[in-house]
Amino acid sequence: MGNVTVDPLALAMPVLRPEIAEILDFASGEFLDAAAYIAAKRYDRLVAERVDIREGLDNNPRFGCALCATPVYLVASGKKRFFFRHRREDGSCPSVTRSGLSRADIQALKYDGQRESLAHLRIKERIVRSLTCDLSNSEIVSERQWRSARDPASRRQPDVQAMTVFGRVAFEAQLSTTFLDVVAGRRAFYRDEGALLVWIMAGFDPDYRRMTTDDLLFSNNSNILVVDEETTARSEETGTFHVRVHYRVPELSKGLLVDHWKSTIFPFRDLKVDRQKQTAWAFDYQGQSEELLQVEREASSRADDSLRERLLAFWKSRNQQTPDPVSREAVWQGLMRDISARGVTPPTNDRYDRAITGLINGILSAKEGFPIGWDFKHLVEVAHRVCDGYPEHVLTMGYAIRVYGRETLISAQDKSGKWAKRARSIRKLILEGDQRYLPDEDTLSFLKFVFPEVGSKVEAFLTSDHAKSRL
Ligand SMILES: [Zn+2]
């Protein structure tokens with residue numbers, strides 16, 4: 001095999017299947033894909049870097065193996081392809097027999113490795129400094145075992161722990177958020193201890209969130225806590241432990257919630273803390289959004305009430321006998337546009353009111369307790385009229401009489417007992433599935449909007465097994 005000469009300005013090439021697939025950057029605490037790291041560098045620069053990496057290997061290693069955190073260095077193959085190798089190759093690294101590891105095993109190994117990184121040491125050190133300068137904190141210890149008060153065999157080792165204004169608190173520093181599944185189980189441990197677990201990140205950029213950051217974010221009322229150099233300096237200046245809080249602020253836009261991000265430096269002791277939920281936050285995202293939605297619901301319900309009132313007022317003032325002038329029809333069309341905008345299907349017919357004449361006259365009369373729209377004296381006449389001309393609204397009329405409590409009135413008006421007899425026989429036909437009395441589905445959307453208390457009953461009937469079995 002001859003010597004392979006590589007253009008120094010070309011990009012470097014990784015070997016195809018490296019044993020060490022991922023490396024840990026000790027300075028940042030981040031993991032890098034080994035092949036991608038190599039392939040992104042120019043050949044001449046990577047060769048120069050290789051020398052530096054080799055030099056620092058014993059005293060100041062730059063990279064470690066993602067799985068065992070043993071320092072690694074760059075090696076070139078005979079074909080001048082690159083890969084990483086452990087400082088000591090004693091076969092103890094699980095990457096050699098990677099196939100035997102589950103995803104959770106790999107995550108746990110990487111998590112342990114990352115805890116030894118400089119970045120992790122730095123954030124831990126900042127948390128300790130921030131706690132120490134504030135006299136309301138005591139018993140501040142790093143990397144000390146926390147034994148369960150109930151079960152001494154059960155223990156955890158939080159990054160930092162301290163007695164604070166919130167009692168005993170465990171602080172876990174999160175660099176890369178890919179390990180949330182490894183550490184999620186801890187919440188239960190600290191809850192059982194009557195203590196609080198607080199997640200601290202080294203930094204946070206709302207635009208570059210990984211899915212797992214969202215797990216942390218949404219389980220903490222959309223607040224992310226960060227301890228960085230600036231907050232640590234603030235804590236030391238003021239003698240009060242401060243954290244940076246990134247939080248979402250909800251806003252209503254066209255009836256929907258939208259968020260924007262804000263951040264502020266906030267005293268730790270002023271956080272709202274809930275040991276049961278294991279949360280610690282500054283801004284109440286959930287409460288604020290519920291309040292906004294409630295306001296929106298009330299506004300929209302007021303708008304619906306007003307639209308309903310306008311519609312019924314129009315109907316009551318309409319003249320049944322003589323056709324309405326064009327201007328009035330335009331008013332009606334305007335109302336129909338408004339209900340369409342509410343997502344309601346407006347009734348249609350060649351004459352604007354024909355599709356719903358029987359429906360509105362019948363139900364509105366039941367609601368008011370006297371005939372509306374038709375020239376009758378008594379409500380019982382309205383009931384007969386609906387049965388004669390609008391069998392598809394008979395069931396609806398029946399519900400309306402019950403919903404608006406008009407049974408007594410109707411039976412008082414039904415001196416001959418004709419209505420009672422008719423109602424009984426129709427009820428029987430409906431129960432037998434007589435298709436003529438099947439409620440009209442075309443006007444259901446309209447009915448539900450204008451008379452929700454009646455519409456919901458008709459809809460329940462239509463979706464009941466009883467109705468379905470006969471359709
Ligand atoms: Zn290794």
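**Entry 1. Terms and model**

Strands in these notes are DSSP runs of E with at least two residues, helices are DSSP runs of H or I with at least four, and both are numbered from the N terminus. I am working with a predicted model.

**Entry 2. The loop between β4 and β5**

I looked up Ala69 and placed it in the loop that joins β4 (63-65) to β5 (72-76). Its phi is positive, about 65 degrees, although Ala69 is not a glycine. I noted this value because most residues other than glycine have a negative phi. Is Ala69 buried or exposed? Its relative accessible area is 9%, so I recorded Ala69 as buried, the limit being under 20%.

Cys68 lies in the loop between β4 and β5 as well. With a relative accessible area of 27%, Cys68 is partly exposed. I then asked which residues Cys68 is in contact with, leaving aside neighbours within four places in sequence. They are His86, Cys93 and Pro94. For His86 I also took the C-alpha to C-alpha distance to Cys68, which is 9.3 Å at a separation of 18 residues in sequence.

Given the contact between Cys68 and Cys93, I checked for disulfides. How many does the structure hold? The count is zero. The cut-off matters here, because a pair of cysteine sulfur atoms must lie within 2.5 Å to count as a disulfide, whereas a contact needs heavy atoms within 4.5 Å. I also looked up Cys65, which is buried at 1% relative accessibility.

**Entry 3. Asn221**

I found a positive phi at Asn221 too, about 55 degrees, and Asn221 is not a glycine. Asn221 sits in the loop between α7 (211-218) and β13 (223-226). At 10% relative accessibility, I entered Asn221 as buried.

**Entry 4. Domains**

I noted the division of the protein into domain 1 (13-114), domain 2 (118-283) and domain 3 (296-468). How far apart do the C-alpha centres of domain 2 and domain 3 lie? The separation of these centres is 58 Å.

For a residue pair I took Met397 and Ile127. Their C-alpha atoms are 70 Å apart, and 270 residues separate the two in sequence.

**Entry 5. Helix α9 against helix α11**

A pair of packed helices is described by the distance between the axes and the angle between them. I looked up both values for α9 (residues 285-316) and α11 (residues 357-368): the axes come within 11 Å and cross at roughly 100 degrees. This makes α9 roughly perpendicular to α11, because angles of 65 to 115 degrees fall in that class.

Which residues meet where α9 and α11 touch? From α9 I listed Leu311, Leu312, Trp315 and Lys316; from α11 I listed Thr357, Ile360, Asn361, Leu364, Lys367 and Glu368. By type, the residues of this contact divide into five nonpolar, two polar and three charged.

**Entry 6. Asp304 and Arg308 in α9**

I then looked at two further positions in α9, Asp304 and Arg308. Asp304 is buried, at 8% relative accessibility. Arg308 is buried as well, at 17%.

What does Asp304 contact, apart from its neighbours within four places in sequence? The residues are Arg342 and Phe449. With the corresponding exclusion, Arg308 touches Phe449, Val450 and Pro452. Phe449 therefore appears in both lists under the 4.5 Å contact limit.

**Entry 7. Tyr390**

I located Tyr390 in the loop between α12 (379-389) and α13 (394-403). Tyr390 is buried, with a relative accessible area of 17%. Not counting residues up to four places away in sequence, Tyr390 touches Thr357, Gly358, Trp374 and Arg385. Thr357 I had already listed among the α11 residues that meet α9. Gly358 stands 32 residues from Tyr390 in sequence, and I read a C-alpha to C-alpha distance of 6.3 Å for this pair.

**Entry 8. Met397**

Where is Met397 placed? Met397 is in helix α13. I recorded Met397 as buried, since its relative accessible area is 4%. Residues up to four places away in sequence left out, Met397 touches Gly362, Ile363, Ala366, Val382, Ala383 and Val386.

Note on methods. Residues numbered from 1 in each chain as written. Predicted model: local features only at pLDDT ≥ 70, side-chain atom pairs only at ≥ 80, totals over all residues. Heavy atoms only, no water. Buried < 20%, exposed > 50% of the residue type's maximum accessible area, 1.4 Å probe, protein only. Axes fitted to C-alpha atoms, helices over the stretch in contact; angles between N-to-C directions. Parallel < 35°, antiparallel > 145°, perpendicular 65-115°, else oblique. Nonpolar A, V, L, I, M, F, W, Y, C, P; charged D, E, K, R; others polar. Domains from an automatic or database assignment.
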